[in-house]
Amino acid sequence: MVEFAQNALNNRIDEQVRRVLDVYDRARESIDSNVLREVIIPTIVVIGDQSHGKSSVLENIAKINLPKGRGCVTKTPLELKLRKRDPSKTADYATIRHKDMPETELRQINDLSTIELEIKRISDEITKAQNLPIVDVPIYLTIYRENQIDLTMIDLPGMTYYEPGHDSG
């Protein structure tokens, strides 16, 4: 009986925390980031040099494959949210969109092994549309799994160095 009560309490707390995180995530997508500096919510942001394993860190935490390769692979910020799946759903899934897409065009991914290809496709679509190699249009990926701990992580394009007066080509 005590275990049942503890599980019920944990589920209620999880639901309340998830609601707060959902509101914060929506706010982060639409409100000026200066406003959100006053609100502190646990988030992992991976920053570092180009091709030094930032995405690999997130892959290991999220248990998914992200685009990888040589050179600049992460071309857009990726906001990766891990969320506990609604108990009414019978299988894990993900949703994905980019900032310039209306929420009504949110795409559902039922095969989590295709996440890497979907991120690459959307990233290529955004960079091609803006005719830039790296853009500041975030991709929002949310993965829903049974018994998942709620967590938000952000993967940023790697830093590159340029020496003035030095031709990179």
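Reader: How many aromatic pairs does the count come to?
Author: The count comes to one aromatic pair. That pair is tyrosine 93 with tyrosine 144, with 4.7 Å from centre to centre and 20° between the planes. This is a predicted model, in which local features need pLDDT of at least 70 and side-chain atom pairs count only at pLDDT 80 or more, while totals for chains, interfaces and linings use all residues. Residues are numbered from 1 along each chain as its sequence is written, and side-chain values use heavy atoms, with hydrogens and water left out.

Reader: Why is the pair of tyrosine 93 and tyrosine 144 called stacked?
Author: Rings of Phe, Tyr and Trp (its six-membered ring) pair if their centres lie within 6.5 Å; planes under 30 degrees apart count as stacked, over 60 as edge-to-face and the rest as tilted. With 4.7 Å between centres and 20° between planes, tyrosine 93 and tyrosine 144 meet both conditions, so the pair is stacked.

Reader: What makes this a link between distant parts of the chain?
Author: Tyrosine 93 belongs to strand 3 (residues 93-98) and tyrosine 144 to strand 5 (residues 139-145), and the two are 51 residues apart. Strands here are DSSP runs of E with at least two residues, helices are runs of H or I with at least four, and both are numbered from the N terminus.

Reader: How do you know whether tyrosine 93 is buried or exposed?
Author: Relative accessible area decides: buried is under 20%, exposed is over 50%, and partly exposed is in between (1.4 Å probe, protein chains only). Tyrosine 93 has 10%, so it is buried. Its partner tyrosine 144 has 22%, so tyrosine 144 is partly exposed.

Reader: What lies over the face of tyrosine 93?
Author: Lysine 89 does, at 5.4 Å from the ring centre. A charge sits over a ring if NZ of Lys or CZ of Arg is within 6 Å of the ring centre and within 35 degrees of the ring normal.

Reader: Why is the meeting of arginine 85 and aspartate 92 called a salt bridge?
Author: A salt bridge needs a side-chain nitrogen of Lys or Arg within 4 Å of a carboxyl oxygen of Asp or Glu. Arginine 85 and aspartate 92 have N and O at 2.5 Å, so they qualify. At 11% relative accessibility arginine 85 is buried, whereas aspartate 92, at 28%, is partly exposed.

Reader: Which other residue forms a salt bridge with arginine 85?
Author: Glutamate 146 does, with the closest N and O atoms 3.9 Å apart, so this pair also satisfies the rule. Glutamate 146 sits in the loop between strand 5 and strand 6, while arginine 85 sits in the loop between strand 2 and strand 3, 61 residues apart. Glutamate 146 is exposed, at 53%.

Reader: How many salt bridges does a search of the whole structure find?
Author: The search finds seven. One of them joins glutamate 118 to arginine 107, with 3.5 Å between the closest N and O atoms. Glutamate 118 is in helix 4 (residues 115-130) and arginine 107 in strand 4 (residues 107-109), so the pair ties together parts 11 residues apart in sequence. Arg107, Glu118, Arg121 and Glu125 are linked in a salt-bridge network.

Reader: What makes the contact of threonine 152 with arginine 83 polar?
Author: Their side chains come to 3.1 Å. A polar contact is a pair of N or O atoms within 3.5 Å; within protein, one must be able to donate a hydrogen and the other to accept it, and residues adjacent in sequence count only if both atoms are side-chain atoms. Threonine 152 is in strand 6 (residues 151-155), and at 3% relative accessibility it is buried.

Reader: Which residues have the most contacts inside the largest nonpolar core?
Author: They are Ile64, Leu80, Ile115, Ile119, Leu141 and Ile143, in a core of 21 residues. Helix 4 gives the most to this core, with four residues. Such a core is a set of buried Ala, Val, Leu, Ile, Met, Phe, Trp, Tyr and Cys residues joined through side-chain atoms within 4.5 Å.
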